[in-house]
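I opened my notebook to look up a few strands and some ring contacts. Here is what I wrote down, entry by entry.

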Amino acid sequence: MKASKMIGSYYFVIVGHKDLPLFEMEFTNSKDPKKEDHRHLNQFIAHSALDLIDEHKWKTHNMNLKSVDKFNQWFVSAFVTASLIRFVMVHDNRNDDGIKNFFSEIYEAYIKLSLNPFYEENTVIRSPAFEKKAQLYGKKYLSS
Amino acid sequence: MTQEIQFLLDKVFLPVIITSSLGKANELCKQRSVSSFTELFQKFSRNNSDLSPFREEADSGVSPFSLRNIPAIFCDEKTQTTPITENQIDTSLAEFVKTASQNFSYREFLDNFFSAHQKYLRCPEVATWLELYQLKFLSLINNSLHETFWQPVANLKIVTTLNADPVSLLKEHNISSDGYNYVDSETVTIYSLVHDASVGNDDFFLEKLNEIKTVFEKCYILKLNNSEQENRNADQFPTKNLQKQLSSSELSSVRHFLQDIVTKEVTPHIHKRIAELSFELASLKKGVAGNILSTTRKWFTGEREPKTANESKATLSGIQSDGEYLSSGGEQKLRRAADLAFLVGEYVLAHETYLVARRVFQHDRAYRHYAGVLEMLGLCLSKLRYKRQDYSVYFEKAAEAYEKCGDQLRSERAILYLAAVDNAGGFSREAAICYISLTKENKGLRNGPLLELAAHSFRGNQPAMMRKFSLHLALAGHRYAKCSETRRHALLCYLRAVGVYMGRNWRMAEDHLYFSSARQLYNMNEVEDAFRLFSLLLRESYAPSPHESMYLREYSLALKRIASVAPERIPLVHVFDVDVENINVCSSSPTSGGLEATWGRMETFIAQQDTCFNRNPNSAKSLLIKHEPVILNIPIRNFLQIPIELFNVTLEVSLANDSADFLPESFCETSTLKKIEINGREKVLLKIELTPRKKGTLRITGILFTLAGTRCRSLFSLQSGWHRPRHSPASESKENISHPEFVVSSKLPNLHVSLSPLPPVICAGVIHRMILSITNVGHSPVQKLIVLSSSSAQLCLEKNTIFKAFESFSAYYLLQDTQIIPGETMETPVWFRSEALGEQDTYLLFSYETDTTPSSIKRRFKRIHFSTNVHPLLSASARILACQENASDLLLLMHVENTLHNTTTACMQLACYSRGWCIEPLSSSVSNERKMVGPMETLKLLARLRRTEDRQEPNYSSMDWTATLPSYTPTSFGVSISQMMSARDSMTSDGYNHDSLEGALKAGEDHFFLLVLSFEVEFSSATFGSSTAHGQLYITCLSPCQSSSLFSGGETTIRVLDSPVKVSLLHADSCSHDFRLSSTCEFPVTAVLLNTSSQEVEVGLHFKQPSDGDFYWLGKSRAAVSLSPHEQKEIHMKALFPAPGAYDLSRYSAIIRHRQTHEEYHVVPEGCQMFSVYEDQSTMAI
């Protein structure tokens, strides 16, 4: 089977209460060193989008807020869980369905993780299993 | 911020007053450091965007607008009123930004940041500056021909009493100014007289005032330097800058003067003018049946100025562009009426008039005029508190219209108006979006203030959008950072932005802001602060290694700059952690080795056992001795991910008590490590030699090293763990910095102890002799030497030492009555014997003290550790029998058993110490070869003990099996036999009554024998390789006649001689056999029969078959052979093994019969002869 190729770049972050990033992952097939140098930009964009996410989350019943912010060529999509944990995706190409599926799968993985008695809520996620799942879902839904 | 912006538009739309200073009027201003009255009055204007005093005003905590509150704009009569180009505006604004940036103070931010890592987001100074920037921008852009706000409404003529005839001056000016464009029916002329009380005469002033009033009806007076109100130092006005120029009373006078003019002349004139214009417009409407649209151009303006080149092009393209109307035309009057109404706050009237004007300009396709009116319509609606969607449409349309006619600046202004209105109306987020929409790539430095305005608008939103605020501040910082003159401003932006990220774990963003701030500081030549920030970044960053190397590079550059600026100062550098708690001190001599825990137990044991032991300060501080070098083991760890190289590493040392008085070289010497390479996250142990030269408390304050060509130092920190937590507020505080201290004592004895080496491999139970050499290399005598041994092996020192055995240690107390003076060496033999097998560690702790030192520290320790490999040994037993051949002789029968599985031992010499006996071979025909004892074999040795004539003194005799070994003499041991016996007594417990033995020896009994068997064993092991061990076995024997009397005390019996024929089986240790190929394993065994007697004997040998599943003998199991004297014969058999396992081959018996005497002996094997059969599975692979 031919490996699917990631188009564009995605930066995914789970943001807990008090704006603490709990889990970060980048999905990209680019090995451009320039992108390495601008990795902080993803954090800037995702962090600044939290203002709009916090505004949007009270306006809809859906957990998936879709695209909430835009900065230059980057879009920011978001998903807010019942416990107000925010999933933020910074991406440079439109892939609403893929991101939606990714969010719902990650949400399920996150629920399972939060049921784990060894995981304390609103702390950094260090579970290798969770990381593996995120990678898997990233490959599955964010590549075309 | 929001409140101030709320009034922004009130500061833009103000009536313009032309100021004409006549005669010597400006001289009065120049005396007060102001060039003209225009400049002086403009300082009081709301529209004042002057940057110079705002810094001081902001410092004083009072808004600068408390002084700038006159609602008028003051211009010189020669002021340029033509519109300026976009490039000019760009240049002007850039200059404005640069000037403002120079005025900013970042010190407070930075100090706050370093000292407490606190967020410091508010900066009123910046908010003020942003408003001034907008004012500046709007003031620059307002000089447009399609608007009438710039047209003056009043002409203020100023004369002073310095002139002799001010009236004629005013008259002359009225005539000469007829040609100025501002002097028309729209402008009201205001006459004023300025009088300086300190210069002129008051009577003269009154006289001239009356004259002016007579001629021009009205005259406003401005009195300066009024003695009654003289109070130059009063703090009525906080503006420091102006206080230097004008006294507070003068400032007050000027303000009242201007307020009078505005309220009594300008505002009424505007109202009057509005009425006139309304009337004119109304009369025009009547004549054209109210259709002003169709008649405007035809009837009232009629004439238009010639088309510009651009306009021609527009016309050609089919779009009628806007033309320039005459100022006397109806359209301009319409616009003027609306503008004047707006100026005086008549927003309803202004709105209605603008609506009419919009229709006119729209019809004329005069887009610039149309856009201007739309802008004003938006402003009117916002003033009339309409909804946002109502007025925002006008601004957006205005921006579009301006863009349509290529006026980007005014398009931008329309959006800026909208943003200002939004901010005032509480729509801060929308305002921020407006500001962001104005930023474009080609705007350069102008983007900075726009992004900063956006950031502040986000912060002013309800709820505050602090995350957007921080992002846009960072972006603004990047814009400012591109210009060298605005770096201060960039730094300020970064420092305010980083406050939002602090403590929230957005590490990359935070690191980026740290790094950018540090670079700005570096470029601003604030190298110290840049260095601190880079240091913070390196220490607390979690960036990947490429970023870290970039940080380190910049850090090194800053370090170099610091060194070049202040070469006498050594900067504090933190690129590695020092584990202070694990700093060790050890002697500079080679390390003792062994486990530190064992040494610790032994030292504690001595402290507990010795009641005289003074607990010294070693427990709190390590002890160093003057002039005695030690090595400090300092563990350091590179906390970076990238390797670092340190050069010329040494210690920074000070004396704790009087450190200021001495140079480090005078009280201690430290060695220098030339180069240390530490990989990322690697721990390294620095070994630095230190020799104290002065008594006192030595403090190690840090490590000195060279990094990137610069000499630096690193302090010790007492943090648990290697890495400091990010943003720990007290990370730099002195409480967390600990300096290891050492007590440097005066001269103490110092022992050098050496022990002659043991062979690497020794045999269990064998006594080895070593020489212990103790030298006092110190400066005072050694007393009370205690040697504590922690070993399963046994040691024996001199006989006169006191020995005490404890549960886990053995202590030897030396030097009870003597001492070792400095320079003296004492040598003493030590006997060593180990019973335990395997690798054995021996710890010898020498504890010694002196009474001559006044210090409370008296006791010192010396450590010796060695390890040896102990192998199992031969075991031997001997019996002495009566000799049948010669009654006077005795026979010695010795059983030597080799318990080793795979090592052959060679017996080389048997020596005997006795009184009146000498040992000799049984037969002279015995070969001179070494007696070999194979693995698990037992050798029987026979020797004859013959009487000698000398029975007075004990003598030594030996029987050799090798020519290489010298005969046994007492000197071969180096000690007397009595000493050896004493050593043996203290070591072994073999069941003999040692007191009796010793007594017997002393009594000169001739029935006592000491036998010494010398042997050689060759060992081969994976760890030690091949080695040869020599050893001696000591066996004590008594002659048979005496043994009974000594031990049993019963009747004397002499046992008969054992069998004359010795039977032994020769075979290998083991064999391997694949039992799958063949169910049984056959293996050859040879039985050797040796007739040791001098008679012919017959031997009947019977190999017994098993009774229960043991191995079988193959071949003749019964054999009868005859042996002539000393003959040896072999019988070959085979053993048949049914299964793998260990078998005892000693399953035979023999009957020996003398041919002559028919005497019979029954021989049975002594002990076991084990043989192993292994399963060979190597063929399975085949």
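**Entry: the hairpin.** I started with E1(A) and E2(A), which form a hairpin with five residues between them. In the turn I found Lys18(A), which has a positive phi of about 55°. My note on terms: strands (E, at least two residues) are DSSP runs, as are helices (H or I, at least four), numbered from the N terminus. Two strands pair if DSSP finds at least two bridges between them. E2(A) covers residues 21-28, and seven bridges join the antiparallel strands E1(A) and E2(A). Across from Ser9(A), I found Thr28(A) in E2(A).

**Entry: where my numbers come from.** This is a predicted model, in which local features need pLDDT of at least 70 and side-chain atom pairs count only at pLDDT 80 or more, while totals for chains, interfaces and linings use all residues. Residues are numbered from 1 along each chain as its sequence is written, chains are lettered from A and ligands numbered from 1 in the order in which they are written, and side-chain values use heavy atoms, with hydrogens and water left out.

**Entry: the other neighbour.** I also looked up E5(A), residues 86-91, which pairs with E1(A) in the antiparallel sense over six bridges. There, Phe87(A) is the bridge partner of Ile14(A).

**Entry: buried or exposed?** Buried means under 20% relative accessible area, exposed over 50%, and partly exposed in between (1.4 Å probe, protein chains only). In a regular strand the side chains alternate between the two faces of the sheet. I checked both faces of E1(A): Ser9(A), Tyr11(A), Val13(A) and Val15(A) are buried on one side, and Tyr10(A), Phe12(A) and Ile14(A) on the other. Seven of the seven residues of E1(A) are buried, so the strand is largely enclosed by the rest of the structure.

**Entry: rings.** Rings of Phe, Tyr and Trp (its six-membered ring) pair if their centres lie within 6.5 Å; planes under 30 degrees apart count as stacked, over 60 as edge-to-face and the rest as tilted. How many aromatic pairs does a search of the whole structure find? I noted 36 over all chains. One of them joins Phe1103(B) and Trp1113(B): it is tilted, with 5.0 Å centre to centre and 55° between the planes. Phe1103(B) lies in strand E39 and Trp1113(B) in strand E40 of chain B, 10 residues apart. Both Phe1103(B) and Trp1113(B) are buried. In chain A, ring pairs link a cluster that includes Phe12(A) and Phe87(A).
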